[in-house]
Amino acid sequence: MLKGVLEGCILKIIQKKTVYGYEMITLLSEYGLNMVSEGSIYPILLKLQKQQLITGEMRPSSAGPKRKYYSLTPTGKAYLQQFEKQWSVIATGVNNIMKKENEG
C-alpha cells in the first residue's frame, strides 16, 4: 500500500528542490516515513526515472564521491497533479470512515 503513495511523496519532495537518494530518505523520515530504507528508495527512483517522471544528474559533492540529484520533469509535474487529486479523494474517504467507525 505504501509503495504507490511513496512515489507521490517522492515526486512532491522533488518538486520543491532537487535531492539525492540518501537525502530523500532523510527528508521522508523527517516527515514521519521513517520505515523507508535505502533498499526500497533507489528502485523507486529508478522506476520514476524510467517512466520519465524524474531525471537524474551526477554532481560533485564536497562530502565525497559524486551524487545523483533528481529533478521533476514536465511529465512528472502532470503526474504529481493527478496524484494529488486522487490522494485528496482517497484520504478524505478513509478519514471519514475511520472517524465515523470510531464514533459508533
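The legends below describe close-up views of a predicted model.

**Figure 1. Overall architecture of the predicted protein.** The secondary structure comprises four helices and three strands. Followed along the sequence, these elements give the pattern α-β-α-α-β-β-α. The C-alpha trace extends over about 55 × 25 × 20 Å along its principal axes. Of the 104 residues in the protein, 31% are buried. Among contacts with a separation of 6 or more, 48% join residues 24 or more positions apart.

**Figure 2. The three-stranded sheet.** The strands form an open sheet in the order β1-β3-β2, and their pairing is antiparallel. β1 and β2 occupy the edges with a single partner strand each, so one side of each has no neighbour in the sheet. Helix α1 packs on this sheet and touches β1, β2 and β3. The direction of α1 makes about 100° with that of β3.

**Figure 3. Strand pairing around β3.** Strand β1 (residues 19-20) is joined to strand β3 (residues 64-72) by two bridges, and the two strands run antiparallel. Seven bridges link β2 to β3, again in an antiparallel arrangement. The strands β2 and β3 form a hairpin, with two residues between them. Tyrosine 70 in β3 is a useful point of reference for this view. Valine 19 stands opposite tyrosine 70, and glycine 56 also stands opposite tyrosine 70.

**Figure 4. Helix α1 and its surroundings.** The 15 residues of α1 should span 21 Å at 1.5 Å a residue, and the end C-alpha atoms are indeed 21 Å apart. The buried residues of this helix are Leu6, Glu7, Gly8, Ile10, Leu11, Ile13 and Ile14. The elements covering them include β1, α2, α3, β2, β3 and α4 (74-103). In an α-helix there are 3.6 residues a turn, so residues three or four places apart point the same way.

**Figure 5. Packing of α1 against α2.** The axes of helix α1 (residues 2-16) and helix α2 (residues 21-30) come within 11 Å of each other and cross at roughly 105°. The two helices are therefore roughly perpendicular. On the α1 side, the contact is made by Leu6, Cys9, Ile10, Ile13 and Ile14. On the α2 side, Met24, Leu27 and Leu28 take part. The contact residues divide into eight nonpolar, no polar and no charged.

**Figure 6. Packing of α1 against α3.** The axes of α1 and α3 come within 11 Å and cross at roughly 70°. This crossing makes α1 roughly perpendicular to α3. From α1, the residues in contact are Lys3, Leu6, Glu7, Ile10, Leu11 and Ile14. They meet Ile41, Ile44, Leu45, Lys47 and Leu48 in α3. Here the contact residues comprise eight nonpolar, no polar and three charged.

**Figure 7. Helix α4.** This helix has 30 residues and reaches 43 Å from its first C-alpha to its last, close to the 44 Å expected at 1.5 Å a residue. Within α4, the residues Gly76, Leu80, Phe83 and Ala91 are buried. What covers these buried residues includes α1 and β3.

**Figure 8. The backbone at glutamine 52.** Glutamine 52 belongs to the loop between α3 (38-50) and β2 (54-61). Its phi is positive, at about 60°, although this residue is not a glycine. Most residues other than glycine have a negative phi. Glutamine 52 is exposed, with a relative accessible area of 56%.

How values were computed. Residues are numbered from 1 along each chain as its sequence is written. This is a predicted model: local features need pLDDT of at least 70, side-chain atom pairs count only at pLDDT 80 or more; totals for chains, interfaces and linings use all residues. Side-chain values use heavy atoms; hydrogens and water are left out. Axes are lines fitted to C-alpha atoms, for helices over the stretch in contact, and angles run from 0 to 180 degrees between N-to-C directions. Angles under 35 degrees count as roughly parallel, over 145 as roughly antiparallel, 65 to 115 as roughly perpendicular and the rest as oblique. Contact means heavy atoms within 4.5 Å. Ala, Val, Leu, Ile, Met, Phe, Trp, Tyr, Cys and Pro count as nonpolar, Asp, Glu, Lys and Arg as charged, and the others, Gly among them, as polar. Buried means under 20% relative accessible area, exposed over 50%, partly exposed in between (1.4 Å probe, protein chains only). Two strands pair if DSSP finds at least two bridges between them. The expected span of a helix is 1.5 Å times one less than its number of residues.
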